[in-house]
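Open the model in your viewer and keep the selection panel handy. We will go stop by stop, picking out a few pieces at a time and saying what is there.

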Amino acid sequence: MDGGGPERYTPPGPAVFRVYRLDVARSRRGTAPGPDDLRSGGPSDTVRHHRPGPRRETPLNEPAPLAVELRGITKRFPGVVANSGIELRVRRGEVHAIVGENGAGKSTLMKTLYGMHRPDEGEILLDGAPASFRSPADAIAAGIGMVHQHFMLADNFTVLENVVLGSEPTKGIRLDRATARTRIRDISDRYALGLDPDQLVEDLGVGDRQRVEIAKVLYRGATTLILDEPTAVLVPQEVDELFGNLAELKREGLTVIFISHKLDEVRKVADAITVIRRGTTVGTADPRTTTARQLAEMMVGAELPTPQTRASTVRDTPVLELQGVTVAAPDARTVVDDVSLTVREGEVVGIAGVEGNGQAELVDAVMGLRSLTAGTVRLGADDITAWSTRRRREGGLGFIPEDRHRQGMLLEAPLWENRILGHQTRPPAVKGSFIDRRGARADTQRIMREYDVRAPGPDTLAMALSGGNQQKLIVGREMTARPRLLIAAHPTRGVDVGAQSVIWELLKDARAEGMGIVLVSADLDELIGLSDTLHVMLRGRLVATLDPARLTPEELGGHMTGGNTVGAA
Amino acid sequence: MTLLRRTGLAVFAPLLAIVVALAISALVIAVIGENPLTAVRVMLDFGETPSQQTQAMVVVVNRAVPLFLAGLAVSVAFRMGLFNIGVEGQYRLATILAAAVGAAVALPGPLHVLLIIGVAMAVGALWAAVVAVLKVTRGVSEVISSIMLNFIALGTASFLLTGPLRGSPEGASVITTSDIPESGWFPGLNGVVTGLGLAEPRSDLHGFLLVAVVAGVVVAVLLTRTRFGFDLRATGLSPSAATASGVDARGMVIKTMLISGAIAGLIGLPDLLGTSHHYGTEFTAGLGFLGIAVALLGRNTPVGIALAALLFGFLDRAAIPLQFEGIPASVVTIIQGTIVLAVVVANQVARQITRRQAERGSARAGASPTTGDGGRTTDEREGARA
């Protein structure tokens, strides 16, 4: 199977590089950053968030030594070339974004730079001098710090304890809290992180936790920070704050390497962009002259569809009716408050909202994972309020969960068992009360083929797949059961552009065939592009019903924050 | 191929652990001033005459049967992420009540045996159900409640033995329940042993071996081939994903504990039905705890547990001959203990290797030529639609 595909992508010749680099140089010299770069780019460039930090401080004309330079980095794993001929040039004091699809080799590259493994070929230069890392400790000593996507913090420790953990200042054998506190306050003030050293981490929000992670790295004296998908876990407001922090870091002369596949954000925050595709660098781009679409096309090497749906396919028959649905949290706080909505056949009902405003609880309530304190849920003609989750699924509810690792997959099980998950009572994977292993394997293979899930075979463990491929498997599995109603919670979160467009197409197809879809998302373009009706959820209530055909992301953002004002941020 | 590598790893980890444990044990024996090689010789020496040799093998298997059942009981719960530490109490209570019922009635052979088995399984299941109900309704950790219930079960068993169910005469040094009449005995398998051309051993090979094999097969099929088993394993792998897939987590806790307890109820029956025919103060204790070790060593699969039980049986047999050579029998316990510790470590290492391989697999899936063209599929979809 491996041999049959098209030949490997050939690394781009210098021509590609030169083209993009010229592009960078020209635009840098020509335009002064100002209000007019808000206008640059295509239709997706309607910028809602303010731009953090001025860009003009980057010294452009003088040949400053590169903070990080990678030359021809190649990393092979048995039978695989994860990185080949990677070229990366990061100037001191810039925010340099590395974009690429999931599985393109970004993580491998960053692991190389952070000393987690050694490259087979190529060299790493820091400030012009060759460097070689045996372990992350070497990288840290050389001033490279990494902020991981998944936070590595001890919840029941204070900020101070978390920051110093592993490099504690001591007085005798005791932790020297006074020194640590002074240093952390110092770092916090200098980079405007706003941290209180004595707060417990469990009391902090996601944004604050991320700042603790950043403080941890700074505390160890990092001058180059690698941020691995830092915005994946943040809500829009927190993203703005993070970008503000990055501007502070830059102002202090630190270098930031920012890994992402959210192109709008990358274009907002980065000074330079390097695009990686299939293990190699395909070029660099200037964030101010390149549109998100152009970047995305560089990433996947093809033109992209938009989430825009075409003609309305909404029919009359309702498939899901919520009447006064109210859900209480374990602490008796009302998290979903009197929500009523109807989803008809062939209709996509979008639910917008800043995360944590009750969307997750609403989804749980519809799936039967959380009990209602009031209200009814009807699926077609049936009142399913009292049905178990399994009965609801059998009755025609499909579910693409928000957190696929928590609710959608068994990571340590093979793909064919994951095919069965959620469909334990239905063929083709199950015969009576027995598992049909052969049927499940065959159907998994079909899903892999039809939904473009890239994996060696149905016996591969789910954890071996990239996020996008896991998600495509989940989507394929749910679509296969032909549900009447599909609940898609953040269906394209954390997946790359290629998988995103595939998933959008699948949702559109399903809608055209008469499936009702509840779409919960934080991606405003996705919501506006796919929904037929759009509800805004704020503090557990549906506060507005909007027509996505006449709605801009700015307006939607205003409704989501409750301000109704354009550009509230 | 990956399957081969995965099974290879599954076998390799415990084997390595056993070798490490034996090395540590050899060190311990050397430290107490005995020759480790003597110990090895004694363990491998099954006697000179064919009869002695078969006898040794029968002892090993007879010891392995209850250990296997105990491991099986633990593993069923463990596959769902439940620690049934209460197997000890479950089988002790089940055995004394089954012995009492068996002694109190007289039925035709097979029915009598079936009744005893049924009572034992029911008592074990009910005792385990207490744990499940506490967990489901009150959120009590099954570890705590099952440990506590062990004390209650042992105390209750002692009370029943010395009080209402006492069958041995007043003043006897060993207190027992009344003997089960012969119709409630499980026939031995010595006919099969001699039929295989082996010498007649001194003691009977437990016929209950067959029940254990059936239980193992049933559990294996249940876990890997049925919907119920899938739900159970899914809950063990990720309770949140299982719930979202429609598994009723509370129901699963109860059902799993019932099954685990029912199997635990069988543990005492090989001895009860095969040799002793009564429950008493000298009835084999500690099998429930050994079962945890056996399940760990066997990585919670029936075949693995069978091998682990045989290994433990083999080591236990050596306890008496070792003493003849002046080596304390505790050496066996030390070996078993170090094996379990080493296995826990080895399993963790194996897990990490699997994970690393999976990561490489992901790099392969991401970068392999089959990825061809990330956007092409989309284009094709677009093209097909247009």
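## Stop 1: a pair of facing residues

Select Val348(A) and Ile517(A): Val348(A) stands opposite Ile517(A), which belongs to strand 22 of chain A. Before you go further, please keep in mind that this is a predicted model.

Now widen the selection to the two strands around that pair. Strand 15 of chain A covers residues 348–352 and strand 22 of chain A covers residues 516–520; they pair in the parallel sense, over 4 bridges. Both sit in an open sheet of 6 strands, and in chain A the order reads 18-21-22-15-23-24. The pairing in this sheet is mixed.

Where does this sheet end on either side? Color strand 18 (397–400) and strand 24 (541–546) of chain A, the edge strands, each of which pairs on one side only. From one strand to the next, the twist averages 20°.

Next, add helix 15 of chain A, residues 467–480, which packs on the sheet. This helix touches strand 18 and strand 21 (485–489) of chain A, and its direction makes about 175° with that of strand 18 of chain A. As you look at side chains here, remember that in a regular strand they alternate between the two faces of the sheet.

## Stop 2: the four-stranded sheet

Stay in chain A and select strands 14, 13, 16 and 17, which form an open sheet in the order 14-13-16-17. The pairing here is antiparallel. Strand 14 (334–344) and strand 17 (382–383) of chain A are the edge strands, pairing on one side only.

Zoom in on strand 13 of chain A, residues 318–328. Strand 13 is joined to strand 14 of chain A by 7 bridges, and the two run antiparallel. To see one bridge, show Leu320(A) together with its partner in strand 14 of chain A, Val343(A). These two strands make a hairpin with 5 residues between them. In the turn, click on Ala332(A), which has a positive phi of about 75°.

Which helix lies across this part of the sheet? Select residues 359–367 for helix 10 of chain A, lying across strand 13, strand 14 and strand 16 (374–379) of chain A. Helix 10 of chain A runs at about 60° to strand 14 of chain A.

## Stop 3: two loop residues with positive phi

Most residues other than glycine have a negative phi. Two loop residues are worth a click with that in mind.

- Ala192(A) is not a glycine, yet has a positive phi of about 50°. Find Ala192(A) in the loop between helix 5 (177–190) and helix 6 (206–219) of chain A. Ala192(A) counts as partly exposed because 15 C-beta neighbours lie inside 10 Å.
- Arg299(B) is not a glycine either, and its positive phi is about 50°. Look for Arg299(B) in the loop between helix 13 (287–297) and helix 14 (302–317) of chain B. Is Arg299(B) buried or exposed? Arg299(B) counts as buried, because it has 21 C-beta neighbours inside 10 Å.

## Stop 4: a helix pair in chain B

Hide chain A for a moment. Chain B has 17 helices and 0 strands. Select helix 3 (residues 50–79) and helix 11 (residues 249–266) of chain B, whose axes come within 8 Å and cross at roughly 175°. Helix 3 of chain B is therefore roughly antiparallel to helix 11 of chain B.

To view the contact, show side chains on both helices. Helix 3 of chain B contributes Leu69(B), Leu72(B), Ala73(B), Val76(B) and Ala77(B), while the residues from helix 11 of chain B include Met257(B), Ile259(B) and Ile263(B). By class, this contact has 10 nonpolar, 2 polar and no charged residues.

## Stop 5: the nonpolar cores

Bring chain A back. The largest nonpolar core has 185 residues, and those with the most contacts inside it are Ile487(A) and Val294(B). Helix 3 of chain B gives the most to this core, with 16 residues.

Center on Val294(B). Beyond its neighbours within four places in sequence, its contacts include Leu67(B), Ala70(B), Gly71(B), Ile305(B) and Phe312(B). Then jump to a second, separate core of 71 residues, which includes Ile73(A), Met146(A), Tyr191(A) and Ala292(A).

## Last stop: zoom out

Show both chains in full. Chain A has 18 helices and 24 strands, and 49% of its 569 residues are buried. In chain B, buried residues make up 48% of 386.

Notes. Residues numbered from 1 in each chain as written. Chains lettered and ligands numbered in written order. Predicted model: local features only at pLDDT ≥ 70, side-chain atom pairs only at ≥ 80, totals over all residues. Axes fitted to C-alpha atoms, helices over the stretch in contact; angles between N-to-C directions. Parallel < 35°, antiparallel > 145°, perpendicular 65-115°, else oblique. Contact = placed C-beta atoms within 7 Å. Nonpolar A, V, L, I, M, F, W, Y, C, P; charged D, E, K, R; others polar. Buried ≥ 20, exposed ≤ 12 C-beta atoms within 10 Å, placed from the backbone. Core = buried A, V, L, I, M, F, W, Y, C linked by C-beta atoms within 7 Å. Pairing = 2+ DSSP bridges.
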